[in-house]
Number of protein chains: 2
Amino acid sequence: MNYFSSDFKLGILGGGQLGKMLLFDTRKFDIQTYVLDPSNEAPCKIACDKFFKGDLMDFETVYNFGKQVDVLTFEIELVNLAALVKLEEEGLKVYPSPKTLKLIQNKGVQKDFYTEHNIPTASYGRFNNLKSLIVDILDSKTRMPFVWKCTEFGYDGNGVKVIREMADLDELPNVECIAEEMIPFKNELAVIVCRNPSGEIRTYPVVEMEFHPEANQVEYVICPARIDNIVADKARAIALSVSEKFNHVGLLAVEMFQTEDDEIIVNEVAPRPHNSGHYSIEGSYTSQFENHLRAILDLPLGNTDSKVAGIMVNLVGEEGYSGNVVYENIEKILGWNGVTPHIYGKKQTRPFRKMGHVTIVNSDIKEARRIAEDVKNTIRVIA
Amino acid sequence: MNYFSSDFKLGILGGGQLGKMLLFDTRKFDIQTYVLDPSNEAPCKIACDKFFKGDLMDFETVYNFGKQVDVLTFEIELVNLAALVKLEEEGLKVYPSPKTLKLIQNKGVQKDFYTEHNIPTASYGRFNNLKSLIVDILDSKTRMPFVWKCTEFGYDGNGVKVIREMADLDELPNVECIAEEMIPFKNELAVIVCRNPSGEIRTYPVVEMEFHPEANQVEYVICPARIDNIVADKARAIALSVSEKFNHVGLLAVEMFQTEDDEIIVNEVAPRPHNSGHYSIEGSYTSQFENHLRAILDLPLGNTDSKVAGIMVNLVGEEGYSGNVVYENIEKILGWNGVTPHIYGKKQTRPFRKMGHVTIVNSDIKEARRIAEDVKNTIRVIA
């Protein structure tokens, strides 16, 4: 197949920032792209070859879009699965496969998959609705504290809550959910795995999420993780095996916990480019986006090693500000060594909205960490 | 000035591959761009915010385009200078300034500038037309061999010829020209200088053009140049002084010769991102394109150091092939360590047409050079 400056068309479901960053690489290789997104202001609208406005959860819309392209991928999991299944049955290359997506979209199904395949994960119970969960608690089968997760449509922290007492249940939606054992952990880690249809497979180095000591919020994604090599090797091996067991094609971001006794357990996965791999644009020989593209087109995978250490800081809308966005002090951080802001292109900010990220690269990880802290304390997303 | 996700508009004259690579960075920063180019198939057409089809040499077209933007730059020197002068007089920020462009557009004027400012360069004569040059030769004032260069509208080797005997003059166009002393040199070098309106200035490392031993054609651009540090420092110092004397804003690529006795003389300059800096996308902390953007917007300049060694190989149309382009063996080279092809997006190939380039990066420059040779011998641009 000739992908380069040809009539070949790659379809992308979703036109957000992940798609936007993927388009840097389709442009670099001059591969034609069609993008479907519900918003006319999608960050992908510019830089794709053809933009389609439409509902990603609507069968007809997704099916008709898929009929126009040669390979179909997605940058968000919340897409109409039945349409993908039909398109794949009709011979379209859909990567990642809807078979994998089906195992991942529902967190209960995902957890069952880990159990069936002996992938280490926290123990859990599955519940069809809030009532059955409450009954289970009252029967003393599910014990507090635990982590409540809705099984579908959760995104970026939405749909996850720590339940310590009955009152914490008061505001939960009455939906299908899981209750997960709370496991004390030293570190939250992630490994991005890349695999193509021919079975070539590579992992990126282990990254570490550094949390704010009080706010319990990820502040920095750090590559490489500042952990023991033995633990890192274990994390990469588990991530590899997760990707293989899913028979996954494309990127799979595997989020894990390093427990207090240095065991690795899988938290959850995302079948696409991931926030924990954004550092790779500046830090790695091949960015996660380029490797996703290579993988779904069954091209050889690129080197996943790092050129230099990389740290990523998210840019989210400051509390108390809504309206036309202003990146306060961005000029200042641009003057610092190895600092690259990525502005996703959302015109309007609101509290906690993901507006961009900043990558800090340096040959010395300690220096990168010092600059990252300065970046975090300097730039503000206001209106 | 708020550039990021705002109403600010950057105008770019020219929509070729240099503009296309610049747009990666305007997209990354979400800066709005308007592009003017004569071709509806310009590589920039996708990924700019608004595309205008029009003649870059036409006063009205360039002037009217300029009136719609807040800062104006160009990716090709062959633009209507008078329009730029008028726009600048009327208060538009035009970077690089038409004052500088005027000194560079005509190679005779450019040479006079070097002479006036004591910048080392090969000695030369200026001629209004071929006839005056021939008279000068017959008078034994200009002696063969020399390098003939037309003063305007030459591009990429067009408009340059070595004259060894009278017969070599036969096919020259009857245009304004210079005759330059032929200086035997060890190396052809280049330094890219970056300067913003506030006067902040940085140089990229010295790069080396490695020529094919027989064909006298540049085969590899290598960063860093494999030369003595003292010579490299001299080259960077001369390039800095050239940029300062031009009072240049934006990127200035300074091409130089290292003579057999290790003197550095300036060959010519280009006031824009340059082929000799393409390695910087993968090799440098800040690519030449991002630094051009930072410079013309008077933002702080980014680190020009390299993360790893970089080598660039041009992809030009193979002799004997015209038509719909095919990049033969591109899948093969994608499998090698640190190899990134850039496909400019021209659908049609023809002999010697610039279709793309390949960057090879590696922490070991010798390994990069070995892979670069394999790349050169493997990929073919055919139809």
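The legends below describe close-up views of a predicted model with chains A and B.

In this predicted model, local features need pLDDT of at least 70 and side-chain atom pairs count only at pLDDT 80 or more, whereas totals for chains, interfaces and linings use all residues. Residues are numbered from 1 along each chain as its sequence is written, chains are lettered from A in the order in which they are written, and side-chain values use heavy atoms, with hydrogens and water left out.

**View 1. The relation between chain A and chain B.** A turn of 180 degrees, with a shift of 0.0 Å along the axis, lays chain B on chain A with an RMSD of 0.0 Å (superposed by least squares on the C-alpha atoms of residues with pLDDT of at least 70 in both copies). The two copies are therefore related as by a two-fold rotation axis. In chain B, the C-alpha nearest this axis belongs to B:Ala47, 2.0 Å from it. Both copies use the same surface, since 100% of the contact residues of chain B recur in chain A (contact means heavy atoms within 4.5 Å).

**View 2. The interface of chain B and chain A.** The contact takes 45 residues from chain B and 45 residues from chain A. The size of an interface is often given as the accessible area lost when the parts come together. Here the two chains bury about 3,900 Å² between them, 57% of it on carbon and sulfur atoms (accessible area lost, 1.4 Å probe, summed over both parts).

**View 3. Salt bridges and the elements that supply the interface.** Two salt bridges are found across the interface (a side-chain nitrogen of Lys or Arg within 4 Å of a carboxyl oxygen of Asp or Glu). One of them joins B:Asp30 to A:Lys347, with the closest N and O atoms 3.1 Å apart. Among the elements of chain B that each supply at least two residues of the side touching chain A are α1 (17–28), α9 (288–296) and β21 (helices, H or I, have at least four residues and strands, E, at least two, as DSSP runs numbered from the N terminus). The largest share, five residues, comes from β19(B).

**View 4. Strand β21 of chain B and its partners.** Eight of the nine residues of β21(B) (residues 354–362) are buried, so this strand is largely enclosed by the rest of the structure (buried means under 20% relative accessible area, 1.4 Å probe, protein chains only). Strand β16(B) (residues 309–316) pairs with β21(B) in the antiparallel sense over eight bridges (pairing requires at least two DSSP bridges between two strands). B:Asn314 has B:His357 of β21(B) as its bridge partner. Strand β19(B) (residues 339–343) also pairs with β21(B) in the antiparallel sense, over five bridges, and B:Val339 stands opposite B:Ile360 in β21(B).

Key. Buried < 20%, exposed > 50% of the residue type's maximum accessible area, 1.4 Å probe, protein only.
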